[in-house]
Amino acid sequence: MESTIEYVYEQMLNRNVVVLIAVSLAVTYGLWNRRGNLPPGPWGLPYFGLVPYLLLMDWLYGLQRHEALARVAGRYGKVFSFTAFGRVVVVLNDAEAIKEAYQRREMNDRPRMKVKNHSLGKGVAFASGDCWKEQRSFSIRTLESLGAGRPVHEEKIAQEARTVLDEIASHEGKPFDPKFPMLICVSNIISTLLFSIRHEYDDDKYKAFLDMIAEITHLMGTSGAIQSAPLIKHLPLDSKKRLAEFGTTECRYMIGIIKEHRKNLDPGNPKDFTDAYLGEILAKVQSGETESHISTENLPHTLIHLYSAGTENVSTTLRWGLMYMIAYPEVQARVQEELDRVVGPNRMPQLSDEAALPYTQATILELQRFSTVAPLGAAHVSTDEFNLYGYTIPARTPVIPNTWAIHYDPKVWKEPAKFNPERFLTESNSLKGADGIVSFSAGNRICIGRHLARMEMYLLFTHLLHRFNFRKVDGSPPLDFRGHGSFARVPDLYLLRATERHQEGES
Ligand code: HEM
Ligand SMILES: *[C@@H]1O[C@H](CO)[C@@H](O)[C@H](O)[C@H]1NC(C)=O
Ligand SMILES: *[C@@H]1O[C@H](CO)[C@@H](O)[C@H](O)[C@H]1NC(C)=O
C-alpha cells in the first residue's frame, strides 16, 4: 500500500508527467475558454470538430447528416453548438427556437458560399443585406400582384392539375414513375407565373433540364450539407466542373428568357414576373435611382431561385405523398371516402371544399411532417453577436435548423415514424393546430412561396386522389421512407399503378 503511494508520488515528480498534465490542462482550458458562452455541445477533434463523427455515423450506420445531428440534439435539447473545420455551428432543434432565433435582425444573412459560375451572393435566396431585402420585398409584392397562391390563381392550378391527371391516365394502369409528371406539373405552375412558359409532359429536352436543376440542388447539398464550412472545396473535381457547367446553363436559360421579354415589353402591363421586374428596372433608371439592387445583374439569379425553389420542394413532397398513399392504403381510402362525401364524383375538388375536408387537410399536414423535404432548412449566418436563451452567439456564426429532428421528435410526436394523419385531428374530427410543423422555416426569411405551396399541395393532392386509386406494383421491392439527401430529401425511384375511380364521362 505504502509503496503504491510512494510510486505515484515519484511519478508525479517525474518531469515528463508534470509537463504532460500541464499541457493537457492548458489545452482543455483553451478549448473550454474558446467555447465561451456558446450553447452546449459535443466535443470534437481539433480543427475537424464533429466532422469525423458525422462521417463515421454515415459509414457505420448509414445515418444521414440530419439523423446524426438529431442524435446529438437528443442529448443537448433545443439548441446546441459544434465545431467543424475550426468554425462553430449552432443547431436549432425545436420549433420555438427557430422562431426565436430567426426573427432576430442579426440572423438575416446567408453564409457566403463560393461556387464557380453560381452567383450565390445575388438573387433572392442566397443574397444578404440590402440586396436580399430589395429582392425579397419586390418578389413578395410581385407574386402577390400576379395572384400567386391566392383564390384568383385556383383555376390556373386546377387546369394544370387536369393535364397531369390525363398524363397519368395515359399509362392505363401500368406501372410508372411519378417523378416527371409531378415535376413538370409543378414547374409549369411557377414557370407560367415567372415567364409565361409551360411545357408538355413528353418534352425530353425539358426533362433533361429539370434533371439538371435537381442535380444542382443535390451537388450544392453534398457540398454544404452541414453548411458550416466551405465544404464545397472538398467536392471531387469532376462534380465541381459539372456544377460550374450547370450554373452556366441555368443562367443562360434565364438570360434567353429575359431577352425575349425585353423585345415585347409593355411596362405598364406586365404579364408575368419577368415583365414586372424589367418594368421596375426601367422605372428606377427613369427616376435616376442608380443604387438599386433591382437590376439586370440580379434578375437571372432571382428567377433561378424562384424557379427552383418553386419547383423542387412541392413536386418532391407530392412524390413522397403518392408513396405514402400506396404504403398506407387505409389512409388513401379515408381521404377518398371524404372526397366522395363532400365533393362527389361529378366535379373536381376546389378551394371552397377545403374546410369541409378535415381528414384530407390532416393528411397533407402529416405529409409535410413525414416527408420533411428540407431536413436542414437553409442556413443563416449572424451579422452581430446576440443573445439566444442566455447563450452568446458570436458574429459570423452559421445557424441551421434541424427540421427533421423537430418533425420526428418523440417527445412531441407519438410514434413519429408512423404516417398517421389522426395526430392532427381532435376527437370530434376537427383539425388541430399545426404549430409543430416548421417546413417553411420561420422569422424574417420564412419561405415566400408558402401560400402558393400550400395551395398547390391541396389542389394537386386532392385532384390525384379524387380521380385515381394508387397501388404498389405487385412484387416490387419494399418502399423506402428514408430516401436520400440532407439538403433536399428525395425519395428513391419507385413505380406505382394508377386506376380510374369513376366511370368514363362521370368524372
Ligand atoms: C413544400 C414546399 C416548400 C417548402 C418545404 C419550402 C421550404 C423553404 C425553406 C425551408 C426555406 C428557407 C427559409 C429560411 O432561410 O429560413 C425557403 C425559402 C424560400 N422559398 Fe420555399 N419552400 C417551398 C415552396 C416554395 C415555393 C412554391 C416557392 C416559390 C415562390 C418558394 C420560394 C422560396 C424562396 C424564394 C425562398 C428564399 C427566401 C429568402 O431567402 O428570403 N418556396 N423555402
Ligand atoms: C463559367 O463562366 C465563364 C464566364 O462566363 C465561362 O467562360 C466558362 O466557360 C464557365 N465555365 C463552365 C464550366 O461552364
Ligand atoms: C426546399 O427549399 C429549401 C430552401 O430553399 C432548400 O434548401 C431545399 O433543398 C429544397 N428541397 C427540395 C426537395 O428541393
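This passage describes a sheet, a helix and the surroundings of two ligands in a predicted model.

The sheet is open and consists of four strands in the order E1-E2-E6-E3, with mixed pairing. Its edges are formed by strand E1 (79–84) and strand E3 (380–381), each of which pairs on one side only. Helix H5 (residues 95–102) packs on this sheet and touches E1, E2, E3 and E6. The direction of H5 makes about 125° with that of E2. Between strand E2 (residues 87–92) and strand E6 (residues 398–401), the pairing is parallel and runs over three bridges. Val-90 has Val-399 in E6 as its bridge partner.

Helix H12 comprises 29 residues (residues 299–327). At 1.5 Å a residue, a helix with this number of residues should span 42 Å, and the end C-alpha atoms of H12 are 42 Å apart, so the two values agree. Of the 29 residues of H12, 27 are buried; the helix is therefore largely enclosed by the rest of the structure.

H12 also contributes to the surroundings of ligand 1, giving the most to that shell with seven residues. In total, 26 residues surround ligand 1, and the closest are Gly-310, Asn-313, Ser-441, Cys-447 and Gly-449. The elements that supply two or more residues to this shell are H12 and helix H16 (450–467). By class, the shell around ligand 1 contains 16 nonpolar, eight polar and two charged residues.

Ligand 2 is surrounded by Asn-117, Ala-244, Glu-245 and Thr-248. The shell around ligand 2 divides into one nonpolar, two polar and one charged residues.

How values were computed
Residues are numbered from 1 along each chain as its sequence is written. Chains are lettered from A and ligands numbered from 1 in the order in which they are written. This is a predicted model: local features need pLDDT of at least 70, side-chain atom pairs count only at pLDDT 80 or more; totals for chains, interfaces and linings use all residues. A residue is near a molecule or strand if its C-beta atom, placed from the backbone, lies within 6 Å of it. Ala, Val, Leu, Ile, Met, Phe, Trp, Tyr, Cys and Pro count as nonpolar, Asp, Glu, Lys and Arg as charged, and the others, Gly among them, as polar. The expected span of a helix is 1.5 Å times one less than its number of residues. A residue is buried if 20 or more other C-beta atoms lie within 10 Å of its own, exposed if 12 or fewer, and partly exposed in between; C-beta atoms are placed from the backbone. Two strands pair if DSSP finds at least two bridges between them. Two residues are in contact if their C-beta atoms, placed from the backbone, lie within 7 Å. Axes are lines fitted to C-alpha atoms, for helices over the stretch in contact, and angles run from 0 to 180 degrees between N-to-C directions.
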